[in-house]
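Colleague: Got a minute to walk me through this one? I'd like to start with the sheet.

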Amino acid sequence: MPGVIYPYPQITVFNGDGGMEFPMIVNDGQFSNKINDVYVTTHEIAHMYFPFYGNK
Ligand SMILES: [Zn+2]
């Protein structure tokens, strides 16, 4: 997954607020359960593969 090489040399994920991706940086809020933490983190990382496509 996702069958495309990660397009950047590194990634930094930090505990901030909400959920938003930037090239090589993910800002994630803290949720009340681990499932949501994992979902938001992977969701924002996935956006980096295809920036500006399918952003929801
Ligand atoms: Zn999204």
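Modeller: Sure. Keep in mind that this is a predicted model. The sheet is an open one made of three strands, and their order across it is E1-E3-E2.

Colleague: Which strands sit at the edges?

Modeller: Strand E1, residues 12-15, and strand E2, residues 19-22, are the edge strands, each pairing on one side only.

Colleague: And how much are neighbouring strands turned against each other?

Modeller: On average by 15°, with direction ignored.

Colleague: Is the pairing parallel or antiparallel between E1 and E3?

Modeller: E1 and E3 pair in the parallel sense, with four bridges. One example is Thr12, whose bridge partner in E3 is Ile25.

Colleague: What about E2 and E3, parallel or antiparallel?

Modeller: Those two run antiparallel, and four bridges join E2 to E3, which covers residues 25-28. There, Gly19 has Asp28 as its bridge partner in E3. With both senses present, the sheet's pairing is mixed.

Colleague: How many residues lie between E2 and E3?

Modeller: Two, and the strands form a hairpin. Look at Met24 in the turn: its phi is positive, about 75°.

Colleague: Staying on E3, which residues are on its covered face?

Modeller: Val26 and Asp28 are on the covered face, while Ile25 and Asn27 make up the uncovered one. So that I don't lose the pairing: Ile25 is the E3 partner of Thr12, and Asp28 on the covered face is the partner of Gly19.

Colleague: New topic. Where does Gln10 sit?

Modeller: Gln10 is in the segment before E1.

Colleague: Is Gln10 buried or exposed, and why?

Modeller: Gln10 is exposed, because it has 7 other C-beta atoms within 10 Å, and a residue counts as exposed at 12 or fewer.

Colleague: How far apart are Gln10 and Pro23?

Modeller: In space they are 9.5 Å apart, C-alpha to C-alpha, and in sequence they are 13 residues apart.

Colleague: Zooming out, how many helices and strands are there in the protein?

Modeller: One helix and three strands. Along the sequence the pattern reads β-β-β-α, so the helix comes after the strands if you follow the numbering from the N terminus.

Colleague: What share of the protein's residues counts as buried?

Modeller: 9% of the 56 residues.

Colleague: And the contacts, what share joins residues at least 24 apart?

Modeller: Taking contacts between residues at least 6 apart in sequence, 30% join residues at least 24 apart.

Terms used: Residues are numbered from 1 along each chain as its sequence is written. This is a predicted model: local features need pLDDT of at least 70, side-chain atom pairs count only at pLDDT 80 or more; totals for chains, interfaces and linings use all residues. Two strands pair if DSSP finds at least two bridges between them. Axes are lines fitted to C-alpha atoms, for helices over the stretch in contact, and angles run from 0 to 180 degrees between N-to-C directions. A residue is buried if 20 or more other C-beta atoms lie within 10 Å of its own, exposed if 12 or fewer, and partly exposed in between; C-beta atoms are placed from the backbone. Two residues are in contact if their C-beta atoms, placed from the backbone, lie within 7 Å.
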